[in-house]
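Reader: I am new to this structure and would like a close, careful look at one part of it. Please choose a strand, and then follow its surroundings outward.

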2 protein chains.
Amino acid sequence: MALIVQKFGGSALANIARIKSVAQKIAATKKSGVDIVVVVSAMSDETDRLTKLARQISRKPPKRELDMLLTAGERQSIALLCIALAELGCDAISFTGSQVGIVTDENHTDARILKIKGDRLQQALKSGKIPVVAGFQGVSIGREITTLGRGGSDITAVALAARLGAKRCELYKDVCGVFSEDPKQFQDAKTIPAISYDEMSELSISGSQVLHPRACALGAKYNLNLVIKSILDRGEGTMIKQTRRLEKPLVRAITHAANLCRFTLIAVPQKDRCLSQAVSQLAQAKIPLVFFAHGVPVDHRFDLSFIIPEHAFKQAKQVLARIRVKLKAEKLVTQQNLGSVSLVGPGIGSDSKIIATLFNALQKVGVHTDAFSTAESKITCYFNQKYLKPAIALLLDRFGLVEKRKR
Amino acid sequence: MALIVQKFGGSALANIARIKSVAQKIAATKKSGVDIVVVVSAMSDETDRLTKLARQISRKPPKRELDMLLTAGERQSIALLCIALAELGCDAISFTGSQVGIVTDENHTDARILKIKGDRLQQALKSGKIPVVAGFQGVSIGREITTLGRGGSDITAVALAARLGAKRCELYKDVCGVFSEDPKQFQDAKTIPAISYDEMSELSISGSQVLHPRACALGAKYNLNLVIKSILDRGEGTMIKQTRRLEKPLVRAITHAANLCRFTLIAVPQKDRCLSQAVSQLAQAKIPLVFFAHGVPVDHRFDLSFIIPEHAFKQAKQVLARIRVKLKAEKLVTQQNLGSVSLVGPGIGSDSKIIATLFNALQKVGVHTDAFSTAESKITCYFNQKYLKPAIALLLDRFGLVEKRKR
């Protein structure tokens, strides 16, 4: 029998009424003649409630105890969902992360999965039951309770789907799929029916909160079909899967970032290791690098440019002032209030027509591009963030990424 | 180093402020130079909150899932208490019932402990840590999460104290010890400084909620010193321990029950098995028997009398009507609104002076005794419940069981 993994997030389980309707959804899927493994998060306010209790006692609670505390959250939702399923006559059985053998490293609050035993899951499936598994949590080899960090329940669901050879992993969220831009900010953004792992991964990394990059990477590794949809919506959602390269490169989605700043070291003498010295000193100071580039050498001197998040501006300035002295650069120039826009789509990074359309649109709204980078399936432009909104609106339109029914 | 087990109930952990003061208490005990194992219940309202959620979904939730749900309660308190202890610089480590290897049978919601592995506890103690253990919960051999039923956290504490050879097991409650009568109803009842397991057990069974009979029986079996006290009170509390029989029998406490009723089968013909037939039919109908007696035979006929809780009156009446026909008794007489008063103390059951004092006092307040029974360390009288209050007040005084400072 085909196996489907269904994962329900905290907002789908926010209260008893929603838990009951999730149970109905699961019962209907089971009735359609497939095996199901269910993965759940904590009820939406529960994690906050528990975290607040801990913070009332300590500003920096021990991570091991924080994991012990927070895992109480999913324990409640697995039990309540199984009670609701029993009420509908379904034979459901709840399992904690440690009961299904989700073995992780000992890195409390942000553990990585090492292996999944899953023998109890398979036993339960064999006897016709619906296993309901607590997401987000695992157990270390030393039998310590761990959690998987942000996006942890998605990671559990995708990892279980991979381990059990599921046909599909459905992730029920409070959005009805992956959008061509953030629908809260751009109301006519449309849902994307299908997207590749690479594109989804580019979207996740550039700020889309829909799916954690770790969950996406796991899906790609095991070539699993992932579906993102809402329990409240009848739409098909977004399918994330391995897609063949299309003949014609196509922009699938747009993503953006704000509050960036840029440092440029002017006229750095060309020497061995000058670049690696600069980058490794930034890394040592734990300053995240969003982008970096160097100019074409003139008279054995070249410019070095770094874009970083604005919150690190002050610290980066000190570090780069030291680097300037060391590398004997002529001067250090800074620039603030930068934003970025990225186009995401298979193979678009090398498509001159798309790049031309991009620049044409940016010019139209008055943008002066400060930096520019391309990857296999992503093109990013950096410019003054005051142009973000009009630029994105025009780009959504130019690349056909607006919902037709809303136009 | 001497080892002490300290158990804190739900009201001692009702909110963050109380959790912090429990942590201070534990830190102070640790500083005094002993090893401590801490056992905790769920925060006082948490079990109710979780139970209510389950009841909103189902009138009869599966017991396995109820156990999964409720064990989230102690999980929160062990973690929060460890965070509070860490904040005080104590090296504490939380453990669930399954992590310390409290192995039970599979009887969900009312499991019995089969064995305690305890290797992780001993490891933690050896490295100078304070283990904080979730009470009430265990794990079956089939790796199912179980709970120990009413009084479960006390049972965990006493069982761990026995397993680890603790010097003492301190149970912190919302009362400052065992009282000579219920202090809510009889304000001048006094705390008893010391009491034997047998007496405590008689008190528990006749309705005192302070300590569950299973915890008391475990203490007796392993000859453990149990202390019952309040975290808010500086008093010494009550020590439950093996005491030598005193020369002079002494009433230590009084306990009472109300809402009882009585059925009497008049003139039952004396035959083989007539008694056992009657009792086993009541047992089959699951009617709890508080007391039963039969009269002296006259003309090969005798009276049979049963006292049962009033809530079973209707059902018992039907069963006994059938029994009356079967046993060919002349008639069935019923009596309602009965109460009982029990005196508890070592060896008092055979002390005529105490029995005389009892009847003398009862007569003084106008009681007509309907039934009477004695055991090794308990004497019980049954009579109309309207006399309970004045009778107990007088008996507390006659047997010197009132707090002197309050007189």
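Author: Domain bounds are taken from an automatic or database domain assignment. For chain A that assignment gives domain 1 (3-174) and domain 2 (253-406), and the centres of these two domains of chain A, taken over C-alpha atoms, are separated by 39 Å. The model is a predicted one, in which local features need pLDDT of at least 70 and side-chain atom pairs count only at pLDDT 80 or more, while totals for chains, interfaces and linings use all residues. Residues are numbered from 1 along each chain as its sequence is written, and chains are lettered from A and ligands numbered from 1 in the order in which they are written.

The part I have chosen is strand β6 (residues 130-134) of chain B; helices (H or I, at least four residues) and strands (E, at least two) are DSSP runs, numbered from the N terminus. Five of its five residues are buried, so β6(B) is largely enclosed by the rest of the structure. Here a residue is buried if 20 or more other C-beta atoms, placed from the backbone, lie within 10 Å of its own, exposed if 12 or fewer do, and partly exposed in between. B:Ile130, B:Val132 and B:Ala134 point one way from the strand, whereas B:Pro131 and B:Val133 point the other way, and all are buried.

Two strands pair if DSSP finds at least two bridges between them. Strand β2 (residues 35-40) of chain B pairs with β6(B) in the parallel sense over three bridges, and B:Val38 has B:Val132 as its bridge partner in β6(B). Strand β3 (residues 92-95) of chain B also pairs with β6(B) in the parallel sense, over four bridges, with B:Val133 as the bridge partner of B:Phe95.

From B:Val132 the path leads on to B:Leu81, which touches B:Val132 and B:Val38, and also B:Ile19, B:Val22, B:Ala23 and B:Val40, not counting residues up to four places away in sequence; two residues are in contact if their C-beta atoms, placed from the backbone, lie within 7 Å. A:Leu81 and B:Leu81 touch the most other members among the 244 residues of the largest nonpolar core, a core being a set of buried Ala, Val, Leu, Ile, Met, Phe, Trp, Tyr and Cys residues joined through C-beta atoms within 7 Å. In soluble globular proteins, nonpolar side chains tend to be buried together.

Further out lies the contact between the chains, which takes 29 residues from chain A and 28 residues from chain B. On the side of chain A that touches chain B, α1 (16-31), α2 (46-57) and α3 (63-87) of chain A each supply at least two residues, and the largest share, 15 residues, comes from α3(A). That side divides into 18 nonpolar, six polar and five charged residues, where Ala, Val, Leu, Ile, Met, Phe, Trp, Tyr, Cys and Pro count as nonpolar, Asp, Glu, Lys and Arg as charged, and the others, Gly among them, as polar.

A rotation of 179° with 0.0 Å of shift along its axis superposes chain A on chain B (RMSD 0.3 Å), and the two copies are thus related as by a two-fold rotation axis. The fit is by least squares on the C-alpha atoms of residues with pLDDT of at least 70 in both copies. Of the residues of chain A, A:Ala72 comes closest to the axis, at 2.3 Å (C-alpha). The same surface serves both copies, since 97% of the contact residues of chain A recur in chain B.
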